[in-house]
Amino acid sequence: MPALWSFLDKFESHVCRILLAVFVTLLFVQIVARQIFGFSITWIEELSVILFVWFAYFGASYAARMAAHNRVTFQFNTLPRGTARIIEAIGDLFWIGFNLVFIWYSIEFISRLKPFVKAQTLGWEMRWVYLVLPIAFILMTLRILQVNYMKLVMGIDPRDPDKVEVEDMLELAEDEKRAFEQQEHKK
């Protein structure tokens with residue numbers, strides 16, 4: 001069961017990796033077909049665009065899971081961490097509200113699409129292409145709730161990976177500076 005939870009916790013990451021690999025491969029095939037063989041495979045470009053859009057939406061959901069979305073947080077630096085977390089959670093409630101409205105309207109939009117509305121070269125019904133909208137925003141909402149549960153109930157602070165990397169580099173630089181100063185002091 002832990003393996004299943006681990007997989008589900010990184011579900012969007014797995015989907016993004018597959019989508020990225022497929023659309024980059026398709027674009028490579030298209031480039032080779034054009035440059036070497038002198039012809040174009042028409043459906044590859046349309047499918048690549050669709051896969052890229054799906055990649056972006058699943059990536060946004062994964063960013064919500066990693067607490068890596070861009071947000072203004074400098075005003076929280078002067079507040080106690082507990083207070084800052086509660087204010088962030090209130091902001092996330094607005095985000096969840098937006099997501100719920102977006103889910104509702106995207107489902108309504110998809111349900112109004114007629115079966116003859118199809119992708120130009122692939123011939124797929126566009127309702128299947130647009131299905132990414134409610135799926136990604138439902139996942140994003142669940143991830144927002146998950147991150148807030150981790151922060152407020154479990155006391156775990158999932159940190160933005162980019163911020164952690166920068167802080168690690170600053171800490172490494174400080175360590176190297178101290179080591180250099182110790183060497184200079186010994187001379």
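A helix axis is here a line fitted to C-alpha atoms over the stretch in contact, and the angle between two axes runs from 0 to 180 degrees between their N-to-C directions. With that definition, the packing of helices in this predicted model can be described. H3 and H6 pack with their axes 7 Å apart, at an angle of about 10 degrees. Angles under 35 degrees count as roughly parallel, and H3 is therefore roughly parallel to H6.

**Helix packing**

- The H3 side of this contact consists of Trp-54, Tyr-57, Phe-58, Ala-60, Ser-61, Ala-64 and Arg-65, while residues of H6 that take part include Val-132, Phe-137, Met-140 and Ile-144.
- By class, the contact of H3 with H6 comprises 15 nonpolar, two polar and two charged residues.
- Helix H1 (residues 2-9) and H2 have axes 4 Å apart and pack at an angle of about 60 degrees.
- This angle makes H1 oblique to H2.
- Phe-7, Leu-8 and Asp-9 of H1 meet Phe-11, Glu-12 and His-14 of H2.
- The contact of H1 with H2 has three nonpolar, one polar and two charged residues.

**Annotated transmembrane regions**

- According to an unreviewed UniProt entry, the annotation "transmembrane region" covers residues 18-37, 49-68, 89-107 and 127-145.
- In the model, residues 49-68 are 85% helix and 0% strand, and the C-alpha atoms at the ends are 24 Å apart.
- Residues 127-145 are 95% helix and 0% strand, with end C-alpha atoms 28 Å apart.

**Nonpolar cores**

- The largest nonpolar core has 22 residues, and Leu-19, Leu-51, Trp-54, Phe-58 and Val-132 touch the most other members.
- Helix H2 (11-35), helix H3 (42-65), helix H5 (126-130) and helix H6 (132-152) each give two or more residues to this core.
- A second core, separate from the largest one, has seven residues, among them Ala-64, Ile-103, Met-140 and Ile-144.
- Trp-54, named above in the largest core, touches Leu-19, Trp-128, Val-129, Leu-131 and Val-132, when residues up to four places away in sequence are not counted.

**Two buried residues of helix H6**

- Thr-141 is placed in helix H6.
- The relative accessible area of Thr-141 is 7%, and buried means under 20%, so Thr-141 is buried.
- Apart from neighbours within four places in sequence, Thr-141 is in contact with Ile-96, Asn-99 and Ile-103.
- Phe-137 also lies in helix H6.
- With a relative accessibility of 8%, Phe-137 counts as buried.
- Phe-137 touches Tyr-57, Phe-98, Asn-99, Phe-102 and Ile-103, leaving out residues up to four places away in sequence.
- Asn-99 and Ile-103 thus appear among the contacts of Thr-141 and among those of Phe-137.
- Between Phe-137 and Thr-121 there are 27 Å in space, C-alpha to C-alpha, and the two are 16 residues apart in sequence.

**A partly exposed residue of helix H4**

- Ile-107 is found in helix H4 (residues 81-112).
- The relative accessibility of Ile-107 is 44%; partly exposed covers the range between under 20% and over 50%, so Ile-107 counts as partly exposed.
- Ile-107 and Leu-131 are 24 residues apart in sequence, and their C-alpha atoms are 8.0 Å apart in space.

Conventions:
Residues numbered from 1 in each chain as written. Predicted model: local features only at pLDDT ≥ 70, side-chain atom pairs only at ≥ 80, totals over all residues. Heavy atoms only, no water. UniProt positions renumbered as here; feature names shortened; annotations may be inferred. Core = buried A, V, L, I, M, F, W, Y, C linked by side-chain atoms within 4.5 Å. Buried < 20%, exposed > 50% of the residue type's maximum accessible area, 1.4 Å probe, protein only. Contact = heavy atoms within 4.5 Å. Parallel < 35°, antiparallel > 145°, perpendicular 65-115°, else oblique. Nonpolar A, V, L, I, M, F, W, Y, C, P; charged D, E, K, R; others polar.
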